[in-house]
Amino acid sequence: MAILGNKQEKTYDTGDLKVPVSLGVIMDGNGRWATKRHLPRSAGHRAGAENLKELCRNCGRYGVKYLTVYAFSTENWSRPEGEVDQLMKLFVEFFDRYDPELAEEGIRVRFTGDIEALPEKIREVCRTGEERSKDRPKMQLIVAFNYGGRREIVSSCRKIAEQVKAGTVDPADITEQMIADNLYLPDVPDPELIIRPSGEQRISNFLLWECAYSEFWVSDVLWPDFGYEELTQAFRDYALRDRRFGGLSKKESKK
Ligand code: IPE
Ligand code: IPE
Ligand code: MG
């Protein structure tokens with residue numbers, strides 16, 4: 001890896017790294033970032049949105065295929081109205097402002113969450129964003145907005161319950177695969193790695209079903225400052241993880 005002063009030069013060489021096909025990122029710490037700078041929380045959210053563009057570029061260039069980012073949880077409605085309004089506005093602005101850059105990087109945009117419950121203006125952004133980007137080949141950016149893992153599982157159960165009611169499925173035949181197939185985006189692989197900046201060691205209702213065997217990587221760096229170097233370090237550490245899925249490590253099973 002080339003070194004430039006104290007900073008790594010941006011190369012996307014994957015020699016000693018392992019790049020996940022599917023990556024989840026909990027974009028946390030905007031408020032603390034702003035408070036540290038004596039700025040309003042809104043400034044932190046703005047800086048966080050800017051940083052998402054950077055993460056997309058870096059992940060696309062490293063070869064991630066599915067990047068799921070947690071942008072607004074079903075619990076975030078409990079914040080003051082002004083903050084919620086600003087987060088909604090930023091969401092609309094983000095796609096207006098950055099879509100050309102996402103297009104240049106070949107990034108397709110999709111949304112996951114209780115989108116139907118959002119105001120029409122937001123749903124319109126989701127529809128337009130998905131439609132205009134659907135043929136972009138390099139990476140899918142999946143934005144979890146008004147997303148809650150529990151709500152997603154409930155939604156899957158409801159779809160299956162409809163089939164039971166219609167008499168096409170017997171409750172005894174419900175499988176894990178059926179629940180997975182009825183989640184919001186069943187074609188997106190479970191994340192192999194989930195990154196959480198700003199030090200909190202919890203999942204906060206993110207991808208509850210999908211994270212059953214995800215590796216976690218927590219960083220103390222606040223989301224707006226989380227950059228190429230931290231991402232690269234996460235991929236380097238991920239290369240050293242021994243994923244056993246309840247079995248034995250490769251070394252052990254050869255004995
Ligand atoms: C993440 O940053 C953004 C959202 C949850 C929408 P926070 O706003 O949670 O920032 P902290 O955790 O208060 O620092
Ligand atoms: C998780 O962050 C949700 C998002 C980043 C969108 P929170 O700040 O809402 O999580 P908690 O409250 O610290 O668990
Ligand atoms: Mg937070």
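User: Why is the pairing of the Arg41 and Glu83 side chains called a salt bridge?

Analyst: In this predicted model, the N to O distance between the side chains of Arg41 and Glu83 is 3.0 Å. The rule asks for a side-chain nitrogen of Lys or Arg within 4 Å of a carboxyl oxygen of Asp or Glu. The Arg41 and Glu83 pair therefore counts as a salt bridge. Arg41 belongs to helix 2 and Glu83 to helix 3 (residues 81-104), and the two are 42 residues apart, so the pair links distant parts of the chain.

User: How many salt bridges does this rule give?

Analyst: The count is 29 salt bridges.

User: What makes the approach of Arg41 to ligand 1 a polar contact?

Analyst: An N or O atom in the Arg41 side chain is 2.8 Å from an oxygen atom of ligand 1. The cut-off for a pair of N or O atoms is 3.5 Å, so the Arg41 pair qualifies. Backbone atoms also take part: an N or O atom of Asn30 is 3.1 Å from an oxygen atom of ligand 1, and a polar backbone atom of Gly31 is 2.9 Å from an oxygen atom of ligand 1. Both distances are within 3.5 Å, so these are polar contacts as well. The protein buries 86% of the 380 Å² that ligand 1 exposes when taken alone.

User: Which helices supply at least two residues each of the shell around ligand 1?

Analyst: Helix 1 (30-36) and helix 2 (41-62) do. Helix 1 gives the most, with 3 residues. The shell includes Asp28, His45, Asn76 and Leu87, and its classes are 3 nonpolar, 5 polar and 4 charged residues.

User: How do you know that Asn76, Arg79 and Arg202 make polar contacts with ligand 2?

Analyst: The test is again a pair of N or O atoms within 3.5 Å. A side-chain N or O atom of Asn76 is 2.9 Å from an oxygen atom of ligand 2. For polar side-chain atoms of Arg79 and Arg202, the distances to an oxygen atom of ligand 2 are 3.2 Å and 2.8 Å. Each value is within the cut-off, so each pair is a polar contact. Of the 390 Å² of accessible area that ligand 2 has on its own, the protein covers 78%.

User: Which element gives the most to the shell around ligand 2?

Analyst: Strand 4 (residues 66-73) does, with 3 residues. Among the residues around ligand 2 are Tyr70, Ala71 and Phe72.

User: Why is Tyr70 counted as nonpolar in the shell around ligand 2?

Analyst: The classification places Tyr with the nonpolar residues, so Tyr70 falls in that class. By class, the shell around ligand 2 has 5 nonpolar, 2 polar and 4 charged residues.

User: Which pocket does ligand 2 take up?

Analyst: The space taken by ligand 2 is the largest pocket. The space taken by ligand 1 is likewise the largest pocket.

Note on methods
Residues numbered from 1 in each chain as written. Chains lettered and ligands numbered in written order. Predicted model: local features only at pLDDT ≥ 70, side-chain atom pairs only at ≥ 80, totals over all residues. Heavy atoms only, no water. Near = heavy atom within 4 Å. Polar contact = N/O pair within 3.5 Å; in protein donor to acceptor, adjacent residues only side chain to side chain. Areas by Shrake-Rupley, 256 points an atom, 1.4 Å probe, with all protein chains shown as cover. 1 Å grid on protein atoms, 1.4 Å probe; cavity = no way out; pocket = protein on both sides within 12 Å on 5 of 7 lines; lining within 4 Å. Sits in = over half its atoms within 2 Å of the grid points. Helix = DSSP H or I, 4+ residues; strand = E, 2+ residues; numbered from the N terminus.
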